[in-house]
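Colleague: Could you take me through the aromatic packing in this model, and then follow it outward to whatever sits around it? I'd like one connected tour rather than a list.

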Amino acid sequence: MLTIRDVTGSPNWLDVGTPDIDGAASFYGGLFGWEYRPGPPEAGGYGFFQLAGRTVAGGMQTSAEQGPPSWTVYFLTSDADATARAAEDAHGKVLTGPLDVLDRGRMAILADKADVPFGIWQPGRTKGLDLVQEPGSLCWIELYTADLPMAAYFYRAALGLETYGVDFPGGTYTTLLPGGQGEDAMFGGIVPLSEDPLEAEAGASWLPYFEVEDTDAAVATARDLGGTVRSPATDLPGVGRVARLADPYGARFAVIRSAPRQPGQDGSEGA
């Protein structure tokens, strides 16, 4: 259950880099009801996607030299510099920063041992996302990687994350959660590329999941708006109805209508 509690290692931000921020705003506005709010001039073109006045993601226009269009997930840290050093010590890389973002916070873009990029965010005035778990907002993340044990080691060393195996018919799903938290704090999973031909073809990456009220309707809307249906709506028993998509520029993400949660497992929201 992804929340935005103040727990080190939890996902607390995400943003999309795209060659056309106006086109991306139109796509995600039509799909999720988001409204794009440009940041101040000193933000360098960075802006915020909001749903009913609450920030659900960030975004900015990027060039081909900055990499392909993609979503980046950020994890909460109390010390961006120390986390960057820990990532390097675990054989990862520092791609950008650490650097201050005005008075909003301190961030860095890192890469794990398999060169999968991710971000870290040390809050200042901006604590993190305003909304998760609700329709139109982030609700889960997955890491697709060739080496699950290596990934588990790296993210434990760099972010203090722990793994927990959940059995399902035919196998075990490896979930992620902040260190020292209970099973209810799990916010994502790790999937070996060998078990998923679709993501194996695309390459190792983090994939964000957004909650929707109707997965089939979201798939149809995404297609009508120029997006790509990478995998059709599929029921996963006990999980929900899932589809994997890409926006018109190639940034990959997934949508899910989650199965009803058990009592005591409701999502939470905050600032």
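Modeller: Phe27, Tyr28, Phe32, Trp34, Tyr36, Phe49, Trp71, Phe210 and Phe253 come together as one aromatic cluster. Keep in mind that this is a predicted model. Phe253 is a handy member to start from. Leaving out neighbours within four places in sequence, Phe253 is in contact with several fellow cluster members, including Phe27, Tyr28, Phe32, Trp71 and Phe210. Its other contacts, on the same count, include Leu31, Leu207 and Pro208, along with Arg244, Leu245, Ala246 and Asp247.

Now put that cluster beside the nonpolar packing. The largest nonpolar core has 60 residues, and the ones that touch the most other members are Trp34, Trp71, Trp206 and Phe253. Helix α1, residues 21–32, gives this core its largest share, with 7 residues. Apart from that core lies another one, of 13 residues, with Tyr144, Leu177, Leu207 and Val242 among them. Leu207 is worth a second glance, since Phe253 is in contact with it.

Back to the rings. A search of the whole structure turns up 25 aromatic pairs. One of them joins Trp13 and Phe48, edge-to-face, with 6.1 Å centre to centre and 80° between the planes. Trp13 sits in strand β1 (residues 11–18) and Phe48 in strand β3 (residues 47–51), so this pair ties together parts that are 35 residues apart in sequence. Trp13 and Phe48 are both buried.

Phe75 and Phe118 give you a second pair to look at. Their ring centres are 6.0 Å apart and their planes stand at 75°, so they too count as edge-to-face. Here the link runs between distant parts of the chain: Phe75 belongs to strand β5 (residues 70–76) and Phe118 to strand β8 (residues 117–123), 43 residues apart. Phe75 and Phe118 are buried as well.

Thr72 connects these two pairs nicely. Thr72 is in strand β5, and its relative accessible area of 15% makes it buried, because the cut-off for that is under 20%. Ignoring residues up to four places away in sequence, Thr72 touches Trp13 and Phe118, and also Leu14, Asp15, Ile109 and Gly119.

From Thr72 you can step straight into the second largest pocket, whose volume is about 1,200 Å³. It is lined by 38 residues, and the closest to its centre are Asp15, Met60, Thr72, Tyr74 and Ile109. Asp15 and Ile109 are also in the list of residues that Thr72 touches. As for who builds the wall, β1, β5, β6 (93–101), β7 (105–111), β8 and β13 (205–211) each supply at least two lining residues. By class, the lining has 22 nonpolar, 10 polar and 6 charged residues.

Strand β8 also holds Gln122. With a relative accessible area of 21%, Gln122 is partly exposed. Setting aside neighbours within four places in sequence, Gln122 is in contact with Thr77, Ser78, Asp79 and Ala80, and with Gly105 and Arg106. The C-alpha atoms of Gln122 and Asp81 are separated by 9.3 Å, although the two residues are 41 residues apart along the chain.

Ser63 makes another such long-range approach. Ser63 is in the loop between β4 (54–61) and β5, and at 30% relative accessibility it is partly exposed. Ser63 and Gly17 are 46 residues apart in sequence, with 8.6 Å from C-alpha to C-alpha.

Last, a few backbone spots to check if you plan to work with these coordinates. Most residues other than glycine have a negative phi, and most peptide bonds are trans. The peptide bond from Gly97 to Pro98 is cis, with omega near 0°, and Pro98 lies in strand β6. His91 is not a glycine, yet it has a positive phi of about 75°. You'll find His91 in the loop between α2 (80–89) and β6, where it counts as exposed at 52% relative accessibility. Leu102 also has a positive phi, near 50°. Leu102 is in the loop between β6 and β7, and with a relative accessible area of 46% it is partly exposed.

Notes:
Residues numbered from 1 in each chain as written. Predicted model: local features only at pLDDT ≥ 70, side-chain atom pairs only at ≥ 80, totals over all residues. Heavy atoms only, no water. Phe/Tyr/Trp six-rings, centres within 6.5 Å; stacked < 30°, edge-to-face > 60°. Helix = DSSP H or I, 4+ residues; strand = E, 2+ residues; numbered from the N terminus. Buried < 20%, exposed > 50% of the residue type's maximum accessible area, 1.4 Å probe, protein only. Core = buried A, V, L, I, M, F, W, Y, C linked by side-chain atoms within 4.5 Å. Contact = heavy atoms within 4.5 Å. 1 Å grid on protein atoms, 1.4 Å probe; cavity = no way out; pocket = protein on both sides within 12 Å on 5 of 7 lines; lining within 4 Å. Points joined across faces, edges and corners; volume = space filled by probe spheres on them. Nonpolar A, V, L, I, M, F, W, Y, C, P; charged D, E, K, R; others polar.
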